[in-house]
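Here's a walk through one protein chain, from its packed helices to a couple of odd backbone angles. Have the structure open as you read.

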Amino acid sequence: MRRGDRLFEIIEILRRAKAPISAQSIGAELGVTKRTVYRDMAALIAQGVPITGEAGVGYILEPGFHMPPLMLTPDEIEAVMLGVMWVQTRGEPELAVAAEKLIAKLETVAPAKYRTSFLEPVVSVAPVGQPEETLGAASIRRAIRHRKKISLVYTDFTGRHSRRVIWPVLLGYRDTSRIIAAWCELREGFRYFRTERIVEAEVLDTPIPRRMDLLRAEWRQATDAERKRYEDGIRG
């Protein structure tokens, strides 16, 4: 790898990192020694890149740093195209349009020699049918984004109806269905709701009385605990 490319990759690694990252970890990802990483860090700092940290402690990129014009590798383009195709075949119309706009933007900034990869991609996904939904996925995403409760009538696998008020946390996309992860006021716990089983639904003006980051953290803890109980049951 040329040094210029390596410096760019180091910035990318620092941008992804959520905490200080060591020179050893960076070197392992790039296939170079710690000494090389130290030299590269010194070069980046000398060029004005706002990196803080030091050898033996770890490095972090300060917020607000703007990258140079976008550079994409063939693998990155193919990863994006695969994701876009998945969204176009499995996402709702609003996301499909957004995916198309994203490709148009990336195509304008990608190196000229790679632009044919957008026009004639080497990856593909199989088309699937769209699920029938009472409450559209776009409305669910907006409710999550704006921390709004959802009132719904839900049909379980036995065909029984129940009225719920939920605090949506995430909207999961599968090949032929979508699932809402949410706190259920009726059950006083986290539950999962298949969108095609929702008979009636309304996004309420009532805000979710929790910060979304805290609610998601609690959901992840509950999910991890449930997975552990399941695994312990299998081993038992």
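## Helix 7 and what surrounds it

Let's start with helix 7, where the buried residues are Ala137, Ala138, Ile140, Arg141, Ala143 and Ile144. Buried here means under 20% relative accessible area, exposed means over 50%, and partly exposed is in between, using a 1.4 Å probe and protein chains only. Helices (H or I, at least four residues) and strands (E, at least two) are DSSP runs, numbered from the N terminus.

This is a predicted model, in which local features need pLDDT of at least 70 and side-chain atom pairs count only at pLDDT 80 or more, while totals for chains, interfaces and linings use all residues. Residues are numbered from 1 along each chain as its sequence is written, and side-chain values use heavy atoms, with hydrogens and water left out.

What do the buried residues of helix 7 pack against? Their partners are helix 5 (93–109), strand 3, strand 4, strand 5, strand 7 (198–207) and helix 8. Contact is counted when heavy atoms lie within 4.5 Å.

## The nonpolar cores

A nonpolar core is a set of buried Ala, Val, Leu, Ile, Met, Phe, Trp, Tyr and Cys residues joined through side-chain atoms within 4.5 Å. The largest one has 23 residues, and the members touching the most others are Ile166, Ile180, Phe193 and Leu215. At least two residues of this core come from each of helix 7 (137–145), strand 3 (148–155), strand 4 (161–173), strand 5 (178–184), strand 6 (189–194) and helix 8 (212–235). There's also a second, separate core of 16 residues, with Leu7, Leu14, Ile21 and Leu61 among them. In soluble globular proteins, nonpolar side chains tend to be buried together.

Cys184 sits in strand 5 and is buried, at 0% relative accessible area. Setting aside residues up to four places away in sequence, Cys184 touches Arg164, Val165, Ile166, Gly189, Arg191 and Phe193. Its C-alpha is 6.8 Å from that of Arg164, although the two are 20 residues apart along the chain.

## Helix 8

Helix 8 runs for 24 residues and spans 34 Å from first C-alpha to last, close to the 34 Å expected at 1.5 Å a residue. That expected span is 1.5 Å times one less than the number of residues. Met212, Leu215, Trp219 and Thr223 are buried in helix 8, and its buried residues pack against helix 7, strand 4, strand 5 and strand 6. Leaving out neighbours within four places in sequence, Leu215 contacts Trp167, Val169, Phe190, Ile208 and Arg210.

## Aromatic pairs

Rings of Phe, Tyr and Trp (its six-membered ring) pair if their centres lie within 6.5 Å; planes under 30 degrees apart count as stacked, over 60 as edge-to-face and the rest as tilted. That rule gives three aromatic pairs. Tyr154 and Phe193 make an edge-to-face one, 5.0 Å centre to centre with 90° between the planes. This pair joins strand 3, home of Tyr154, to strand 6, home of Phe193, across 39 residues. Both rings belong to buried residues, Tyr154 and Phe193.

Trp167 and Trp183 form a tilted pair, 6.1 Å centre to centre and 40° between the planes. Trp167 is in strand 4 and Trp183 in strand 5, so this pair ties together parts 16 residues apart in sequence. Trp167 counts as buried at 13% relative accessibility, whereas Trp183 is partly exposed at 23%. Ring pairs link Trp167, Trp183 and Phe190 into a cluster.

## Crossing helices

Two packed helices are described by the angle between their axes and the distance between the axes. Axes are lines fitted to C-alpha atoms, for helices over the stretch in contact, and angles run from 0 to 180 degrees between N-to-C directions. Angles under 35 degrees count as roughly parallel, over 145 as roughly antiparallel, 65 to 115 as roughly perpendicular and the rest as oblique.

Helix 1 (residues 3–16) and helix 3 (residues 34–46) pack at about 85°, with axes 10 Å apart, and are therefore roughly perpendicular. Helix 2 (residues 23–30) meets helix 3 at about 105°, with axes 8 Å apart.

## Two unusual phi angles

Most residues other than glycine have a negative phi. Arg147 has a positive phi near 55°, in the loop between helix 7 and strand 3. Glu188 also has a positive phi near 55°, in the loop between strand 5 and strand 6. Arg147 is partly exposed at 31% relative accessible area, while Glu188 is exposed at 63%.
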